[in-house]
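Visitor: I would like a close look at one part of this structure: the place where the two chains meet. Could you walk me through that, and then show me what lies around it?

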Number of protein chains: 2
Amino acid sequence: MSPYNLAALLSPTSLAVIGGSDAPGSVGQVVVENLVSGGFTGPIYLVNPRPLSIAGTRWKATIAELPEAPELAVVAVPAAAVPQVIADLGAAGVKIAVILSAGLTQANGLREAMLQAARPSGLRIIGPNGLGFLAPHAGLNASFARGAPQPGGLALISQSGALVSGLIDWATTRQLGFSGVVSVGDMAEVDLGDLIDLFAADPHTDAILLYIEGVTNPAKFMSAARAAARVKPVIALKAGRSAASGKAVRSHTGALAGAYDVHACAFERAGIVQVETLTDLFDAAAALRAGQALAGDRLSIVTNGGGAGILALDAMASAGGDLAELGTETLTRLEAVLPAGWSHGNPVDLVGDASAERYRLALDIILSDPGVDAVLVMNCPTALSKPGDIAQGVAASVVAARGQGIVKPVIGCWLGDANQDAAGPILSAAGIPMFGAPDAAARAFGHLLAVRRAKAGLMTAPAGHDPRADGRTVALALIQAARSEGRTLLNEVEAKTLLSAYGVATVPTRLAAGIEDIAALCAELAPPYAVKIVSPQIVHKSDVGGVVLDLATAEAAITAATEMRARIAKILPEATITGFAVGTMIPPGRAHELIVGLSQDATFGPVLMVGAGGKAVEVLRDRALGLPPLDSERARAMISKTRISRLLAGYRDEPPADIEGVVGVVEALSAIAVDLPDVVELDINPLRVDADSVLALDARVVITQEPSPPSGLVIQPALREQRAQSISDPAAEEAAPHPACRA
Amino acid sequence: MSPYNLAALLSPTSLAVIGGSDAPGSVGQVVVENLVSGGFTGPIYLVNPRPLSIAGTRWKATIAELPEAPELAVVAVPAAAVPQVIADLGAAGVKIAVILSAGLTQANGLREAMLQAARPSGLRIIGPNGLGFLAPHAGLNASFARGAPQPGGLALISQSGALVSGLIDWATTRQLGFSGVVSVGDMAEVDLGDLIDLFAADPHTDAILLYIEGVTNPAKFMSAARAAARVKPVIALKAGRSAASGKAVRSHTGALAGAYDVHACAFERAGIVQVETLTDLFDAAAALRAGQALAGDRLSIVTNGGGAGILALDAMASAGGDLAELGTETLTRLEAVLPAGWSHGNPVDLVGDASAERYRLALDIILSDPGVDAVLVMNCPTALSKPGDIAQGVAASVVAARGQGIVKPVIGCWLGDANQDAAGPILSAAGIPMFGAPDAAARAFGHLLAVRRAKAGLMTAPAGHDPRADGRTVALALIQAARSEGRTLLNEVEAKTLLSAYGVATVPTRLAAGIEDIAALCAELAPPYAVKIVSPQIVHKSDVGGVVLDLATAEAAITAATEMRARIAKILPEATITGFAVGTMIPPGRAHELIVGLSQDATFGPVLMVGAGGKAVEVLRDRALGLPPLDSERARAMISKTRISRLLAGYRDEPPADIEGVVGVVEALSAIAVDLPDVVELDINPLRVDADSVLALDARVVITQEPSPPSGLVIQPALREQRAQSISDPAAEEAAPHPACRA
């Protein structure tokens, strides 16, 4: 039976609580109390073998006795009882169960038993081990959270139950309301992607907030987030920035692509705005309350304190955005209403004795300037004016402007708590978010900018997959040959052959099986020569003295190889020496050394990297990540995030480097990631880049021991785009495939 | 007559208000109302030609009629009347005047007239154009700020009046009190250094907070801050981070040493903890409330929500500090009191249903672990416990530990506003600062760490000045010769000679006056050669093709010089060609290219810089600043702040570079900065650094047109240290020279 749609979660007609209780302080009691006091208008059934008489509820001894099938059941029974409850609920026709019970683990088998029990009916499961679920527009509080949020436009999906209560409490003081709050618990069945889909389609939801510890179904998550972010802001706080990756990797790319950074990269790709701290999540939520979108990056600042204006400017330098240049007409009109001491420019300093009327007049003029996209209004308390009055003036101007069709985000910054308390409700009623410090207000503006950019990023054409059949054939043969020898590391010559097959220029290199072959190989190559060790046990050759450069003659190459063999035999006696890679040595000259690579993330699969290369690559840590497949535009954007890109752009009398060549190499690796799931790690290091060309001087490729199935994540961009389109077109919504049917 | 000491400001016995008023809403009325309601117990005289009858005050028509000389007078008369009022106050024996009046400018002459009027009596002047002054311990509110702060341990010195009211308002809600609040206004006479001295010696003051827009007397400021920071935390927020430097500079060092960064460097040198935002200033103030000092960097985290604990860890990664490793005994004791699901490590997750008692027991154990220097206690609201109860448990544990002599900073983080409102007063009474988000709490810990480090930094031996008489003689002759030719730019050969005289190794270079001299010079030098243009109009030679490297023979050098002359004649026809610098070309090989330089800051004078050099120096922007004079330890610390220092340290098979050689070059430039105030800009770029040696390959030196007096800032380290010692020794305080007598 196909699983139920989650839509019933937001507006069920009836409810049941399995394990509801009247024992004070128990989870079963708190959730019943929350349900009853939440204002839900449909019937609330309590299922408990023991008779219960609680106002606003109807008691039944068993699930089978329920007079109707509630869409939603809340389960607060001991863990061991959950599978049977789920089976009974399914049989009764219940669509969704929110399981508060803890202790259903993989180890004790209860988690799997619960999922099995749900399968016949298609019952959806939220939890277990969560704090529950709230849908304030339906008066529904099926949780044991403290506090009851107001209805509003924010949807919160949290992998931490404890943070849910904190966020509800915080939001209540600020008159911020929620369309839904979900504590996802262990995400045994319903996961982040499902819930993003739910709130993307919910008309009450203006913005989706996520607290994420780990993504369980990345393909579904990415697809849902991409679709949602096209129609409303999706803001995520990812915990675990400080966690060590801990993964054993054999490439520089693997060592440099930390899990947190890969999440950040995936979020950006999906149009999710990532925030770094809980304070930022709060601030972003507050800034997005009014649902106003920025039309551009230009901010005007209005203040009654010069110092506060300077601090806002300072903070804007980090938060992003441009200081609006006020038009001549605006300046003339301001001159007419402001005292002589005003700042005559942006920030607009209204001077310390500014009255509510002065704020109103100035804001009227500034909001009507077409060169202004948003306004930050600041107020420092003074003994000469009342903060509430100033807020009234500001609110009046904003409301009047909206009446004239001028809808621009206005952000308030009222210094001091008493000042904020007086102004807050007035600004809030006018849809103006308020902050207590210039930096917080500037960061809020930064979040609005980030939402605008995230949405713009989704509007570019989808990244196409460009299969390279010829290259793939060559590569599979190389991989097969290595695997037949029991190797998971391609040697340098194999690695370069693979890259050549995908169109990456490599320096001519031959494999000498022994020292006796070197002279003949040198005769085929132009001097000077480079000689490198080839051994399945040696990945980082420089570390063991396995690279000698700048050898002028074949004799010198032979001597170098002989000494190298002796050196390595001493320090790594267990290493098998396959031979020596002999190549033409390309002098570094004025070229840049880059690294371009591919590694595997535990969650998101293949990850591309580009950055400063050479031997010092892990010391420099200058790199940017990207998810395949990516097109040339995304590859270019990725390169531009590195520090070395500033050098590649050219400076003084240095010409620009062949950045398009680097773009081509990144695209080739993207194609390899898609075509060859067997390639788990790949470094081109260094990639020599000068004004005219790029050339892979060295490469290492690590493959899987067994052939891999194709990655689910990278091969369906077209399908993903199709879903995004259908979600953004309400008429097509019903036709969209159900999330649980995907990937 | 010598100026009065400012100490009377904090506890005057009587006061006068000149220009006090009863006109509602006027500055004169508000300040009188604040004074009367502030609770000052001595007489308050109102001087106004018009009779005034205001409860708590005594009216006099003129200053001459005052029955005694108040130590302090508040002046709120029109600007034009201020100079006469000052003269009269001085004649009457008043010691300090706080001038609220605005409009005394240099342009209208009133500022100078006011200062002249004060000179005969030694009257001190605070302001004009400030919000006034508050000394809550004396019940003194001589300001027109909104709100009245409680007495407490924070001193606030602000260059913005508007921010003062905001900070007072903010602090009042948080039960934070002040020892003093000064709105310094235009700082016509009393400046930041004077006030830092005042609060450094004030026993009520535990910490000094500064809001700084610009430092007017840097020598006094640095000296006062250094002395103060040895005995109590000094925290500064510097506005103007985003301001463009706007200074015309001719060196890379000058271009890369922005005014904000130089302030940061000076603050660090003075032991001032710099914060970046107003939020951070708030947080630092709250964290320092209890006056507790950290004994080490190891933090333990206690939480009832795993997610909150992870977020605190994430934030700690940016804020600094180490996660404490709990001792075996601690773990065993915790095991005995915590439920099975606890985290068994740090962060200590007490699990969602943690009671107040569980918090108390766990905290007792953790606080007694000698491996823990501070504790962050977090609480997420749950429906299962009351936030006030938890706070009681935490406070009880902290108070009990103090009773046993265990005094370690404890920081609270209570999520949610209702939660905070319930817990705040309880924690506050126990001296525990509270924050509303894990990142804010972690930053607060970071501020405590910064205070600890700033103080430790001041305890190192003072940087000595090492005059280099021989080098100075050589240098002055070179400077005199260039000046006699009307030049302010030394040519490359002169610049290298100057550096050699200060012990910096330079590559052999000769000046060829014309192309005909090149052959003879090449005969004296080892090939290959480098040829560079020498022209007083050309500072950045590469930009105009004025550098050709790697010339194998004298013939090649001659050809290069001939082509160079033609090329420059075309693009810079106005440039005078003095000749060509011909030198041995040192191939880059495996060496690093650094820049070491010296420039002038408008406020703090000479500034040293070290960083990644070469042609791309301004693209890389990898540099650290330092103020002369500095010793080898400070030079080493400066180098370690650059990204390139990670490469210099050696990596993989690359040996460490000659960092001590670089230290020597920085010290040489420090000596040049002290010995030669005529050298206003100096770049060594590149400084070639390999494993064994450092070598200046190119250098440029800009001198003043006229000889300069020695810099007041750099030559008195001994005096500065002497003052610092005397301030930290209360007995010696009286003997310290008065700040106004200094520099």
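Guide: Happy to; what follows begins at the contact between the chains and then moves on to the sheets and a few backbone details. Please keep in mind that this is a predicted model.

Let us start with the contact as a whole. Here 64 residues of chain A are in contact with 64 residues of chain B. Several helices of chain A each supply at least two residues to the side that touches chain B: α4 (161-173), α9 (278-287), α10 (306-319), α14 (417-429), α15 (438-458) and α22 (644-648). The one that gives the most is α10(A), with 9 residues. Sorted by class, this side of chain A has 29 nonpolar, 22 polar and 13 charged residues.

How are the two chains placed relative to each other? Chain A is superposed on chain B by a rotation of 180° with 0.1 Å of shift along its axis, and the RMSD is 0.1 Å. That is the relation of a two-fold axis. The same surface serves both copies, since 100% of the contact residues of chain A recur in chain B. If you want a landmark for the rotation axis, take G589(A): of the residues of chain A, G589(A) comes closest to that axis, with its C-alpha at 5.0 Å.

Now zoom in on one pair of helices across the contact. The axes of α14(A) and of helix α4 of chain B (residues 161-173) come within 7 Å and cross at roughly 90°. Angles of 65 to 115 degrees count as roughly perpendicular, and α14(A) and α4(B) are therefore roughly perpendicular to each other. On the α14(A) side, the contact is made by D417(A), A418(A) and N419(A), and on the α4(B) side by D169(B), W170(B) and T173(B). By class, the residues of this helix contact divide into 2 nonpolar, 2 polar and 2 charged.

Stepping back to chain A, the domain assignment gives domain 1 (1-146), domain 2 (298-432), domain 3 (466-507 + 586-714) and domain 4 (515-579). For a sense of scale, the C-alpha centres of domain 1 and domain 4 of chain A lie 69 Å apart.

Chain A also has an open sheet of 4 strands, in the order β21-β24-β22-β23, with antiparallel pairing. Its edge strands are β21 (509-512) and β23 (547-551) of chain A, each of which pairs on one side only. From one strand to the next, the twist averages 20°. Strand β22(A), residues 529-534, runs antiparallel to β23(A) and is joined to β23(A) by 3 bridges. In this pair, K532(A) has V547(A) of β23(A) as its bridge partner. Helix α17(A), residues 492-501, packs on the sheet and touches β21, β22 and β24 (579-584) of chain A; the direction of α17(A) makes about 150° with that of β21(A). Another helix, α19(A), residues 554-571, lies across β22, β23 and β24 of chain A and runs at about 25° to β22(A).

Over in chain B, there is an open sheet of 7 strands with mixed pairing, in the order β8-β7-β10-β9-β11-β12-β13. At its edges stand β8 (140-143) and β13 (273-275) of chain B; each has a single partner strand, so one side of each is left without a neighbour in the sheet. Neighbouring strands of this sheet are turned by 20° against each other on average, direction ignored. The edge strand β13(B) pairs with β12(B), residues 234-238, in the parallel sense over 3 bridges. Here I235(B) has V273(B) of β13(B) as its bridge partner. At the other edge, helix α1(B), residues 27-38, lies across β7 (132-135) and β8 of chain B, running at about 175° to β8(B).

A few backbone details round off the tour. Most residues other than glycine have a negative phi, and most peptide bonds are trans. Against that background, N346(A) and P347(A) are joined by a cis peptide bond, with omega about 0°. P347(A) sits in the loop between α11 (328-337) and β16 (348-349) of chain A. In chain B, the peptide bond from P527(B) to P528(B) is cis, with omega near -5°. P528(B) lies in the loop between α18 (518-524) and β22 (529-534) of chain B. Lastly, D550(A) has a positive phi, near 65°, though D550(A) is not a glycine. You will find D550(A) in strand β23 of chain A.

Terms used
Residues are numbered from 1 along each chain as its sequence is written. Chains are lettered from A and ligands numbered from 1 in the order in which they are written. This is a predicted model: local features need pLDDT of at least 70, side-chain atom pairs count only at pLDDT 80 or more; totals for chains, interfaces and linings use all residues. Two residues are in contact if their C-beta atoms, placed from the backbone, lie within 7 Å. Ala, Val, Leu, Ile, Met, Phe, Trp, Tyr, Cys and Pro count as nonpolar, Asp, Glu, Lys and Arg as charged, and the others, Gly among them, as polar. Two strands pair if DSSP finds at least two bridges between them. Axes are lines fitted to C-alpha atoms, for helices over the stretch in contact, and angles run from 0 to 180 degrees between N-to-C directions. Copies are superposed by least squares on the C-alpha atoms of residues with pLDDT of at least 70 in both. Domain bounds come from an automatic or database domain assignment. Angles under 35 degrees count as roughly parallel, over 145 as roughly antiparallel, 65 to 115 as roughly perpendicular and the rest as oblique.
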